[in-house]
Amino acid sequence: MYALIVIRYRAPLDRIEAATDAHRAYLRTLAEAGTLLVSGPLVPRTGGVLVLRVPEGADLHATLDRVRDGDPFWQQGLANYELLEWAPTIGRDRLDTL
């Protein structure tokens, strides 16, 4: 099962940049655990997107809430998060190999 998190900044970019190292360190832990497949900022830099793998049988909403709640951007009130279940069709076989 896959999910997307769309992050929208709600603070000035200088405050976002001050927390970016901690945010990216957190994302690296998600990648090492196999949860985060890919992430990156939007262009222009108004937020970002996370593509996640959620294990079959896991509680999707609880998993996404945990991912959001652990993010320094969320903890510091710097961003809003849209949590979306995603059902890729074309290219899913390539995603499954990541």
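At 46% relative accessibility, E17 counts as partly exposed in this predicted model. The side chain of E17 meets that of R45 in a salt bridge, with N and O 3.7 Å apart. Because E17 lies in helix α1 and R45 in the loop between β2 and β3, the pair ties together parts that are 28 residues apart in sequence. R45 is likewise partly exposed, with a relative accessible area of 29%. A search of the whole structure finds four salt bridges, and the link between E17 and R45 is one of them.

From this contact it is natural to turn to the sheet. Strands of a sheet pair through backbone hydrogen bonds, either parallel or antiparallel. Here, four strands form an open sheet in the order β2-β3-β1-β4, and the pairing is antiparallel. The edges are taken by β2 (36-41) and β4, each of which pairs on one side only. From one strand to the next, the twist averages 15°. Between β2 and β3, which run antiparallel, there are five bridges. In the pairing of these strands, P41 has G48 of β3 as its bridge partner.

Two helices lie across this sheet. Helix α1 lies across β1, β2 and β3, and runs at about 165° to β2. Helix α2 lies across β1, β3 and β4, and its direction makes an angle of about 150° with β4.

Helix α2 (residues 60-70) deserves a closer look. Its buried residues are L60, T63, L64, V67 and R68. These residues cover an arc of only 130° around the axis, which puts them on the same side of α2. An α-helix has 3.6 residues a turn, so residues three or four places apart point the same way. The cover over the buried residues of α2 includes the strands β1 (2-9), β3 (47-53) and β4 (79-86), together with the helices α1 (13-32) and α3 (72-75). On the face turned away from the buried side, α2 carries the exposed residues H61 and R66. H61 also takes part in a contact at the start of the helix, where a side-chain oxygen of D59 comes to within 3.1 Å of the backbone nitrogen of H61.

The remaining point of interest in α2 is R68 and its acidic partners. With a relative accessible area of 16%, R68 is buried, because the cut-off for a buried residue is under 20%. The side chains of R68 and D65 meet in a salt bridge, at 3.5 Å from N to O. Being three residues apart in helix α2, D65 and R68 are separated by about one helical turn. R68 also forms a salt bridge with D69, and here the closest N and O atoms are 2.9 Å apart. Salt bridges that share partners thus join D65, R68 and D69 into one network. Both acidic residues are partly exposed: D65 has a relative accessible area of 30%, and D69 has one of 36%. The network therefore brings together a buried arginine, R68, and two partly exposed partners, D65 and D69.

Definitions and conventions: Residues numbered from 1 in each chain as written. Predicted model: local features only at pLDDT ≥ 70, side-chain atom pairs only at ≥ 80, totals over all residues. Heavy atoms only, no water. Buried < 20%, exposed > 50% of the residue type's maximum accessible area, 1.4 Å probe, protein only. Arc of directions from axis to C-beta. Contact = heavy atoms within 4.5 Å. Polar contact = N/O pair within 3.5 Å; in protein donor to acceptor, adjacent residues only side chain to side chain. Pairing = 2+ DSSP bridges. Axes fitted to C-alpha atoms, helices over the stretch in contact; angles between N-to-C directions.
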